[in-house]
Amino acid sequence: MVLDRILTLTFIVNLLAATIRSAAPILLSALGEIYTEKSGVCNIGVEGQILCGALTGFLAAYFTGSNLFGFVMGMAGGLLMSLLFAFLTVTLNADQIVVGVTVNIFAAGLTSFIYRVIFGVTIFPPATKPMKEIFIKGLSDIPIIGQVFFQQKPYVYFVFLLVPFLSYLLFKTTVGLKIRSVGENPLAAETVGIPVRLIRYCCILFGGACAGLTGAFLSIAQLTRFMDNMAGGRGFIALAIVIFGQYNPTKAAAAALIFGFADSLQTCLQAVGLKFPEQFLRMAPYLVTILAMVLVSKSVSGPASLSKPYYKE
Amino acid sequence: MNQILQMRGITKHFPGVLANDHIDFDVNEGEIHALLGENGSGKTTLMNILYGLYQPQEGIIIFDGKEVKINSPLQSIELKIGMVHQHFMLIPVFTVVENVILGIEAEKGIKLDLDKAREEIRHLSHEFGLDVDPDAIVWQLPVGMQQRVEILKALYRGAKLLILDEPTAVLTPQEINDLFKILRDMRSHGTSIIFISHKLNEVMSISDRVTILNRGKVIHTVNTKDTSPSELARMMVGREVFLHVDLISQETGDIKLKVENLKVLNDKKLIAVNDLSLELRSGEILGIAGVDGNGQSELSEALGGLRPIESGKVFVNGVNVTNKRPEIITQCGMSYVPQDRKKHGVVIDFSLAENSILRSHKSKEFSANGFSRKTKINEYADDLIKKFDIRTPNSQVHAKTLSGGNMQKLICAREFSRPHEVLIVVQPTRGLDVAAMEFIYSSLVDERSRGTAILLISTELDEVFSLSDRIAVIYEGKIVGELARENFNTEQIGLLMAGSVTH
């Protein structure tokens, strides 16, 4: 019976650990996008930025042998792509959605092209050094909880530790107040001397860096290699998480876990050999996305000036 | 008396327009100085120069005894100049404290310190009788209160000179009184105030001196006590103005609009119009008076077919049009001048010609086999432009290039020129200058003499008073009282508007 294989402690522990593992990268992108959107910019180019980060991060890690350097370069890759986005939307006041779509298409082509130019078509694709889990002393020995939470790879800890920090920064500091004011009413912010464009630039670049790092996590830490379109819609799921998490880092973490669960459920069920068409299982995270959007999107109200260009008179 | 501000020879060109032409303007310490002029006379440009939003091509500004160059709002804030903009510069989802401290919050490192600011705001609020709760969320406050938050923002920054741009445009009569009391309080504390307005009565009652602008030039600066409203009006417009309406009593005809027990919800799904009934006969103007936000918008939208009706019935010309599409309602003989002219009145990216036939675009006159008849449409538009004196280069420019007054004339032209027997007009003169107001008023009176049944929904009490045959007062979505013209009485209506009397 399949149920026998599912209702075991090992399966559940594996499932929960995988939930956290796969939630982390999406959450990181969502956190960056929360800051971007809170400043009044809707950057749907997250997917493209993730791809860029995945490639630049992979290349750096592969050629230098340093995964850490790979992460830094991943951030740089995402940041560069978001700089293009920021220039077009903030400086030139182009439509954010149109530019976002362009970024996604551009990044998909560009990354595959560069990868192909450097490595050609290979049977055994080049890989980075695998990344080891870090067991947190003391905590990782706790039964179940330790296995679920404290035997993860370092990037997972990093992302979840970011959540309280970013939440505090956004809601309890002067910087956060400025960001939120720019997203709500940029003209009002300008009249009290807040540099609207500078803040929007910073938030977009921060979002880009987060997405780039997400990409590097995917390519270096999870897969150890780069693949065409390896973001696999995670950028769009991150956008959904921003809304589902009501533009709040803490709630976004909860939302990311739900998506992580849906994602892990399919891999774990496949692993135990469930006799069920895998295509349907693979749909799970996307189905959850659509479902979540249908359920909450009407009741969540974003920043008032979201996706409106700011014209200075 | 010391002068806190002197502006000398200020000149500002925009492409094709001389907005300010060698303007001399000064403000004494502790005076309320009114800046009076029609829309487009250059008052806002002058103030934006003072506030650092524009740079003048010529002229100097002397503030507090020193010549200054103001390159940004931040610099004017540092000079202790505060501005309350016509459209409030507030963040609706923030609390009062957050709004007040925004931009100058970083005195104590990165952590937000709201406690000290809260105390300071309480103190200021008490000192000037503002009565603002620092922890209230701004969007939940009534408009008058929001304006006080703007004043608080300026006071918190230690403003010595406060600019108020058309501050009464959005206020109720009671709120205007309260505002004036606050301004007088501030004056006695030594704050200087520039009061921008085109409303003569207000200028007369609040200001110490008045400077009148017309077409970018200073016409005159006078002591308020030495002048009169009619003199001010003449200087402002450059000719005699007749805002006084002579409503010759006339026989009314059949019932043209009948509303029975209407119930309508607002955007938040709360009851906005509650069991409202009214009747309107041909040849009469029924004014709906009331404080903004008592269901006027919802009522007008429901009548125009733009908002679903929960229960009750609406008859136009005897035809039941409840929850019918606007097109059907229109065909039954209703014309509609909406409250928000940019949003519901015109399509701002369409040309004047296209806008002029929006209601009749399907008629044989303007379309043939699904194609629009360009020549006919243009002729029609040119005709309207002439008849309604719409100031525009031609009929092919986009509606968004029109000033507020001309846009309203365009809407009136369209609505008045199509076959109709019922006319709904909502806030017809909001934001318009005296000359445009004069035009709209006389057009409405003409409509009335032609036998149209007119429903005038307005929060401008003066307007309702001078134009209506009957006034019905709306309060919390209900008609709480109705007066015939011979019984009009400001006090009675004021009390009804405040909900303190049930008729």
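# Reading helices, domains and contacts in a predicted model

Helix 2 of chain A is followed by Gly40(A), a residue whose phi is positive, near 95 degrees.

User: Since this is a predicted model, I would like to begin with that helix: how many residues does helix 2 of chain A have, and what span does it reach from its first C-alpha to its last?

Analyst: The general idea is to set the end-to-end reach beside the span expected at 1.5 Å a residue. Helix 2 of chain A, residues 9-38, has 30 residues and reaches 41 Å, which is close to the expected 44 Å.

User: Where does helix 2 of chain A bend, and by about how many degrees?

Analyst: A bend is read as the angle between axes fitted to the seven residues ending at a position and the seven starting there. In helix 2 of chain A the bend is about 35 degrees and lies at Ala24(A), with a proline, Pro25(A), following within four residues.

User: How many residues of helix 2 of chain A are buried?

Analyst: A residue counts as buried if 20 or more other C-beta atoms lie within 10 Å of its own. For helix 2 of chain A, 22 of the 30 residues are buried, so this helix is largely enclosed by the rest of the structure.

User: How should I place Pro195(A), and which exposure class does this residue fall into?

Analyst: Pro195(A) sits in the loop between helix 9 (186-191) and helix 10 (196-223) of chain A. Pro195(A) has 14 C-beta neighbours inside 10 Å and therefore counts as partly exposed. Sequence separation and spatial separation can also be read side by side: from Pro195(A) to Thr224(A) there are 29 residues in sequence and 41 Å in space, C-alpha to C-alpha.

User: Turning to chain B, how many helices and strands does this chain hold, and how does its radius of gyration stand to the globule rule?

Analyst: Chain B has 17 helices and 22 strands. Its radius of gyration is 24 Å, close to the 23 Å that the globule rule gives for 503 residues, so chain B is as compact as a globular protein of that length. Along the principal axes, the C-alpha atoms of chain B fill a box of roughly 70 × 50 × 50 Å, and 45% of the 503 residues count as buried. Among the contacts in chain B with a separation of 6 or more, 68% join residues 24 or more positions apart.

User: Which domains are assigned in chain B, and how many residues of domain 1 are in contact with domain 2?

Analyst: The assignment gives domain 1 (3-237), domain 2 (242-333 + 419-503) and domain 3 (350-418). The centres of domain 1 and domain 2 of chain B are separated by 34 Å, taken over C-alpha atoms, and 11 residues of domain 1 are in contact with 10 residues of domain 2. On the side of domain 1 that touches domain 2, helix 8 of chain B gives the most, with three residues, and the classes on that side are six nonpolar, four polar and one charged.

User: What covers the buried residues of helix 14 of chain B?

Analyst: Helix 14 of chain B has 12 of its 14 residues buried, so this helix is largely enclosed by the rest of the structure. The cover includes strand 16 (334-337), helix 11 (341-345), helix 12 (352-356), helix 13 (374-387) and helix 15 (434-449) of chain B.

How values were computed
Residues numbered from 1 in each chain as written. Chains lettered and ligands numbered in written order. Predicted model: local features only at pLDDT ≥ 70, side-chain atom pairs only at ≥ 80, totals over all residues. Helix = DSSP H or I, 4+ residues; strand = E, 2+ residues; numbered from the N terminus. Rg over C-alpha atoms; globule rule 2.2 N^0.38 Å. Contact = placed C-beta atoms within 7 Å. Domains from an automatic or database assignment. Nonpolar A, V, L, I, M, F, W, Y, C, P; charged D, E, K, R; others polar. Expected span 1.5 Å × (residues − 1).
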